[in-house]
Every structure is written in structure tokens, then in C-alpha cells.
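User: Got a minute to walk me through this one? I'd like a feel for the fold before I start clicking around.

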Amino acid sequence: MASHGFWSLGGDNAAANTGNQSPSTTRAWCQAAAQKFPGGIGSKICALLNVGDAEKAADPVAKQPPAGEAAGTCGCKKSCNCNKAAFSDLYSTDLLPAMDGDAKTMTFLQEVVDILLAYIVESFDRDTKVIDFHYPNELLQLNNWELQDGPTNLDDILISCRATLKYAIKTAHPRYFNQLSTGLDMVGLAADWLTSTANTNMFTYEVAPVFVLLEYVTLKKMREIIGWQDGRGDGIFSPGGAISNMYAMLLARFKMFPEVKEKGMSSVPRLVAFTSEHSHFSIKKGAAALGIGTESVICIKADQSGKMMPSDLERRIVEAKQKGFVPFFVSATAGTTVYGAFDPLIAISDICKKYNVWMHVDGAWGGSLLMSRRHRWKLDGVERANSVTWNPHKMMSVPLQCSALLVREEGLMQNCNQMHACYLFQQDKHYDLSYDTGDKALQCGRHVDIFKLWLMWRAKGTIGFEAQIDKCLELSEYLYNKIKDREGYEMVFNGKPQHTNVCFWYLPPGIRYMEDNEERKKHLHKVAPVIKARMMEYGTTMVGYQPQGDKVNFFRMVISNPAATFEDIDFLIEEIERLGQDL
């Protein structure tokens with residue numbers, strides 16, 4: 001019989017749990033884990049979790065322990081079996097590479113792993129809080145985080161680890177919907193641990209042979225999925241979508257005016273870039289960083305659903321040319337941050353071709369839909385782009401951070417960015433120098449972001465990612481269908497969401513029947529922030545909100561967490577109504 005997932009350790013009782021359910025407590029899981037895990041790890045997890053007494057998501061009327069309640073002897077604010085004595089006389093200098101540091105290192109790291117495993121199990125338990133919220137001044141008073149000249153013992157180090165996780169946001173929690181990056185994949189987590197253990201740099205094959213080859217293989221596969229023939233082209237993993245977008249702008253400028261690399265902006269005419277008024281702020285930030293200037297980024301009108309209007313794009317390009325400016329870059333968006341809109345890529349690519357302008361697709365949020373046969377049509381025309389940003393750390397739930405820039409023209413990145421540092425990129429090495437990828441990056445030191453994506457892809461297969469993405473979109477459609485005609489809810493724009501973004505206002509009874517005027521808008525603007533604050537204080541869930549243009553604050557629900565279920569969507573609706581009924 002197929003496994004029912006994370007909670008299948010619970011034995012026969014767990015068989016009743018489907019992928020849309022989880023036990024109400026962790027007790028059954030811990031009993032099975034105590035037998036299943038070697039070396040007593042399961043028992044340690046249960047002790048750290050303190051099953052039966054764990055801090056639960058607060059009932060609205062339940063009394064919460066005071067913020068300043070005294071910590072337990074171990075500092076984790078709960079009764080536990082932490083072995084304080086074992087580490088109170090040990091310091092980091094007692095660990096490897098110290099002489100005879102092997103056993104002490106193993107014991108210390110095992111304790112750290114136990115802390116992490118306990119936190120992972122808690123993160124998936126719906127009865128635990130998403131957040132144990134404290135105001136900044138409270139956290140600073142509760143914890144001594146000041147740095148000192150002398151060392152602290154390993155017991156204090158473990159206390160710091162527990163305290164850090166106690167106050168951390170449980171981003172893996174099935175009811176955490178606050179950001180585009182949510183969830184925690186176990187294979188991805190294992191890969192991240194391995195990457196940190198390997199602790200190497202991505203700039204040359206000689207110091208990262210396996211990781212460099214995995215990046216080569218994975219980027220080629222991603223280019224094939226985009227639709228570039230035989231996966232040809234180039235690419236690199238960068239520290240987030242904002243940097244990937246800036247790379248694209250940098251390449252577009254170099255492609256049109258290669259002399260800018262040596263002579264700077266004074267050697268080129270006034271350049272202008274174009275992007276949707278709903279696009280990510282990183283387009284303007286990139287223009288500022290590259291010396292192009294934010295005033296040289298022209299924002300194109302979007303329709304009521306958030307899609308860029310091609311007619312306005314062409315009009316603004318013509319206007320810019322008539323003023324003597326040089327259009328060099330158009331950034332279309334595949335999955336806008338707030339509405340989740342997909343710009344019409346085919347029409348935009350026709351305009352870019354007509355005026356010889358570099359076409360970039362910011363698919364940081366929506367690019368992963370290329371993995372879904374059901375939804376990839378939303379990116380029709382992406383294969384005509386010159387460059388594409390794609391963030392697997394969003395819809396594919398790869399641990400942060402994991403962002404790729406894909407480029408259609410091979411060799412352009414190298415020509416644009418290389419500096420021929422002879423202490424790294426010697427030309428007389430005994431292997432194929434094309435695998436020394438560091439000189440095409442802006443960074444020198446570059447983190448290994450590839451392994452977690454590659455290992456998850458091996459574990460899931462493309463069809464596994466497809467199923468995960470399709471499920472998230474199904475959940476968003478479920479939410480939309482439940483609230484679109486529900487009393488007290490109003491959609492921000494008409495029509496079914498294009499991505500997992502569901503944008504809506506909740507109208508409490510107190511303003512539900514007010515006349516639609518400025519006074520009503522003023523009241524409505526305050527609703528989402530208050531409900532969000534209450535969510536965080538109770539710790540039950542987290543959802544983002546924001547204004548957009550002339551629209552007052554509204555909720556932006558996004559779903560990228562594979563652990564979320566239909567029941568979690570139902571809970572969210574009920575929680576919003578509970579927390580906002582008196583407003």
C-alpha cells in the first residue's frame with residue numbers, strides 16, 4: 001500500500017489519513033517514531049516536543065502565558081530532557097578540528113539535529129502556532145543577543161538555537177500563506193544540509209565539480225522546458241529574482257551597446273526600459289543600480305486583471321523614440337506579485353521584434369507553471385524571449401534561495417561580465433574551461449543553490465512538481481469559488497484568478513451596508529491590517545495584504561505550500577470572519 005505521507009509512521013491509525021488530513025496531535029506519530037528512528041532519535045523528538053503539553057494555537061478566549069514567563073532550565077520555555085550538563089563545560093574549541101574532538105562534535109551535532117527534527121515535526125502540526133509573536137522590544141528584553149569578547153559554552157549555543165526557532169515563523173505550517181515562498185520539502189532540506197556541509201564555492205570546476213555539472217544539466221533542462229531548441233543558451237543561479245532581473249537588464253544593455261562595459265553610461269545615448277505598472281519593484285531597482293535611473297523605466301498600463309496592455313507598450317516605445325531615447329529592454333511579467341497576472345507574451349514579443357528591443361520575462365512567480373501541462377499555456381510565447389527569470393523557491397517549494405536566469409544567446413553572459421582574474425580562471429588548466437562558470441557572474445563567491453533543486457527533481461520527477469503545482473492552483477480556485485458570492489466578501493477584480501493569488505476585501509458587518517463613498521473606503525482600508533495583526537497575535541494563520549493603485553487595503557491570498565489542504569482554506573475563511581466580526 002502506498003505511503004500516506006509524513007504522518008504514515010503512525011501505524012494502522014495513520015492509514016486513515018489522506019493527503020488532505022493530519023492527526024490532531026503528534027502523540028501517535030511520536031510513538032511510532034520512537035520505534036522507527038535509530039539511536040533513540042524518535043524518543044528525543046518526543047521529549048523535545050513535550051507531547052500533550054506543546055504550545056497550541058490559541059483559542060480566542062484562552063489565556064496565553066505572559067511574554068516574560070521564566071524560561072526552563074534549558075532556555076526552551078518548556079519542560080524537556082535537554083542535557084545541560086553535557087555541554088556546560090564545552091566550547092567550540094573542543095569540537096573538530098580539535099584533537100580528540102570527534103566524539104564531542106558528534107554529540108553536539110546530534111543535539112542540534114534533534115532540535116531541528118523537533119521543530120520540523122511541530123511545523124506540520126496544525127495545533128501549533130504559526131507564529132509566537134512578540135514586539136521587537138519584547139524580544140530584545142527576553143533574549144540576550146549582545147555579542148561579547150569572550151566565548152560562550154555550547155550549552156548556551158544550544159539554548160540560542162532553541163530560542164531562535166521558538167520565535168521563528170513556521171513557514172512550513174499548512175496555514176502559513178503570507179509570502180510567495182512557503183512550505184518545507186524534506187528532500188530539499190536534506191540537500192541544503194549537504195550543501196552547507198560541503199561548504200564550497202561555485203566559481204570553478206576545480207572546487208565544485210559535481211555542483212557545477214549539476215547546474216549545467218539543470219539549466220539545460222529548464223531551457224528545454226521554456227522551449228529553446230535542444231536547451232541551448234546560457235544561464236546562472238543568482239541570489240533571488242531581483243538579481244536575476246538585473247542580470248537580464250545588464251545583458252540587454254551590453255547586447256545593444258557593448259562599449260558600455262569599459263566606457264560607462266557616458267558612452268551611450270539615453271536608454272529607456274519598459275515594464276507593467278504591476279511589475280515587481282526590482283525592475284526599477286535594477287535600473288537604479290546599473291546607472292540607468294528609475295526615471296528611465298516607463299510603466300505600461302495594465303488592464304483590470306493586471307495584464308500589460310500591448311497597445312500602450314507600443315505607443316510608449318514610439319513616444320520614447322520620438323524624444324530621441326533608445327528603447328533597449330522590455331520586461332514582461334509571468335505572474336505579477338499582487339494579482340498573479342500573466343502578461344500577453346506573444347503580443348509583447350511581436351512588438352519587441354518590430355522595434356528591436358530585448359524581451360525579458362520575469363517569471364519569478366509564475367515561471368514554474370511551465371512544469372504543468374494544464375497551466376503552461378499561460379506562458380505561451382515565453383520561448384520567444386531573450387531571457388527568463390524563474391524562481392524554483394516559490395511554486396516548486398525549493399528551500400530559499402533558488403533563482404535562475406535563463407538566457408537564449410550562449411556566450412553573452414561571459415562576454416558581458418568576464419574580467420579574466422588570473423588567480424581563479426587560469427587559461428592553462430588541464431580540464432575544459434567552459435565549466436569554470438564564475439567569470440560570467442557578477443559575484444565572485446557564489447552559494448551552491450543548485451543541489452536542492454536537482455535533488456528534489458530527482459526525488460519527484462517532473463510529474464511530481466506538476467502535481468504539486470496543479471494542487472496549489474486547485475486550492476486557489478476552491479477559495480475563489482467559496483468567497484466570490486459569500487456575504488461579506490468582495491473580489492478586487494472580476495474573473496477567476498490566473499495564478500494562486502486570490503485578492504479580496506473582507507467587509508465586516510459594521511461597514512457591509514455603508515454607502516460606497518470615501519468614508520466607507522477609509523474604514524475598509526483599516527480592516528485588513530487589524531485582522532492581520534490579530535492573526536499574528538493569536539498565531540493561527542498569516543495572510544498578506546496591501547493596497548494597489550487607487551484600491552484600499554485588501555487581502556492577497558497566495559498558495560504555494562504543498563502541505564495546505566481544502567480544510568485549511570475553510571479554516572482561513574472562518575478565521576478572517578471571527579477576527580473581523582467586531583470591526
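Analyst: Sure, let's start with the overall picture and then go through the sheets, some helices and the odd spots in the backbone. Keep in mind that this is a predicted model.

User: OK, how many helices and strands does the chain have?

Analyst: There are 17 helices and 12 strands. The chain has 583 residues, and 52% of them count as buried. Among contacts with a separation of 6 or more, 72% are between residues 24 or more positions apart.

User: And what about the surface, how much area does the chain expose?

Analyst: About 26,900 Å², with carbon and sulfur atoms supplying 53% of that.

User: On to the sheets. What's the strand order in the sheet of 7 strands?

Analyst: That one is open and runs 2-8-7-6-5-3-4, with mixed pairing. Strand 2 (234-238) and strand 4 (297-300) are the edges, each pairing on one side only. From one strand to the next, the twist averages 20°.

User: What packs on it?

Analyst: Helix 9 (residues 241-256) does, and it touches strand 2, strand 3, strand 5, strand 6, strand 7 and strand 8. Its direction makes about 150° with that of strand 5. Helix 13 (residues 345-354) also lies across strand 5 and strand 6, at about 155° to strand 6.

User: Zoom in on strand 3 for me. Which way does it run relative to strand 4 and strand 5?

Analyst: Strand 3 (residues 271-276) is parallel to strand 4, over 4 bridges, and parallel to strand 5, over 5 bridges. On the strand 4 side, F274 stands opposite I298, and S276 has I300 as its bridge partner. On the strand 5 side, L271 is matched with V326.

User: Is strand 3 buried or exposed?

Analyst: Mostly covered: 6 of its 6 residues are buried. L271, A273 and T275 are buried on one side, and V272, F274 and S276 are buried on the other, so to speak a strand with both faces covered.

User: Switching to helices. What can you tell me about helix 8?

Analyst: Helix 8 covers residues 209-226, and its end C-alpha atoms are 26 Å apart, which agrees with the 26 Å expected for 18 residues at 1.5 Å a residue. Its buried residues are F211, V212, L214, E215, T218, L219, M222, R223, I225 and I226.

User: Where do those buried residues sit around the axis?

Analyst: Looking down the axis of helix 8, they fall within an arc of 165°, so they line one face. In general, an α-helix has 3.6 residues a turn, so residues three or four places apart point the same way.

User: What covers that face?

Analyst: The cover for the buried residues of helix 8 includes helix 7 (186-198), strand 2, strand 7, strand 8 and helix 15 (450-483). Right after helix 8 comes G227, with a positive phi near 120°.

User: How does helix 4 do on length?

Analyst: Helix 4 (residues 102-123) also checks out: 22 residues should span 32 Å, and the end C-alpha atoms are 31 Å apart. Its buried residues include F108, V112, I115 and Y119.

User: Back to sheets, what's the order in the one with 5 strands?

Analyst: It goes 1-11-12-10-9, open and with mixed pairing. Its edges are strand 1 (176-177) and strand 9 (489-491). Inside it, strand 10 and strand 12 are antiparallel over 3 bridges, and C503 has R556 in strand 12 as its bridge partner. Helix 17 (residues 566-580) lies across strand 1, strand 9, strand 10, strand 11 and strand 12, at about 30° to strand 10.

User: Now the backbone oddities. Where are the cis peptide bonds?

Analyst: One joins L96 and P97, with omega about 15°; P97 is in the loop between helix 3 and helix 4. Another goes from L400 to Q401, with omega near -5°, and Q401 lies in the loop between strand 7 and strand 8.

User: And which residues other than glycine have a positive phi?

Analyst: Two to look at are D230, with phi near 55°, and N356, with phi about 55°. D230 is in the loop between helix 8 and strand 2, while N356 is in the loop between helix 13 and strand 6.

User: Buried or exposed, those two?

Analyst: D230 is partly exposed, at a relative accessible area of 47%. N356 comes out as exposed, at 62%, because the cut-off for exposed is over 50%.

Methods
Residues numbered from 1 in each chain as written. Predicted model: local features only at pLDDT ≥ 70, side-chain atom pairs only at ≥ 80, totals over all residues. Heavy atoms only, no water. Pairing = 2+ DSSP bridges. Helix = DSSP H or I, 4+ residues; strand = E, 2+ residues; numbered from the N terminus. Axes fitted to C-alpha atoms, helices over the stretch in contact; angles between N-to-C directions. Contact = heavy atoms within 4.5 Å. Expected span 1.5 Å × (residues − 1). Buried < 20%, exposed > 50% of the residue type's maximum accessible area, 1.4 Å probe, protein only. Arc of directions from axis to C-beta. Areas by Shrake-Rupley, 256 points an atom, 1.4 Å probe, with all protein chains shown as cover.
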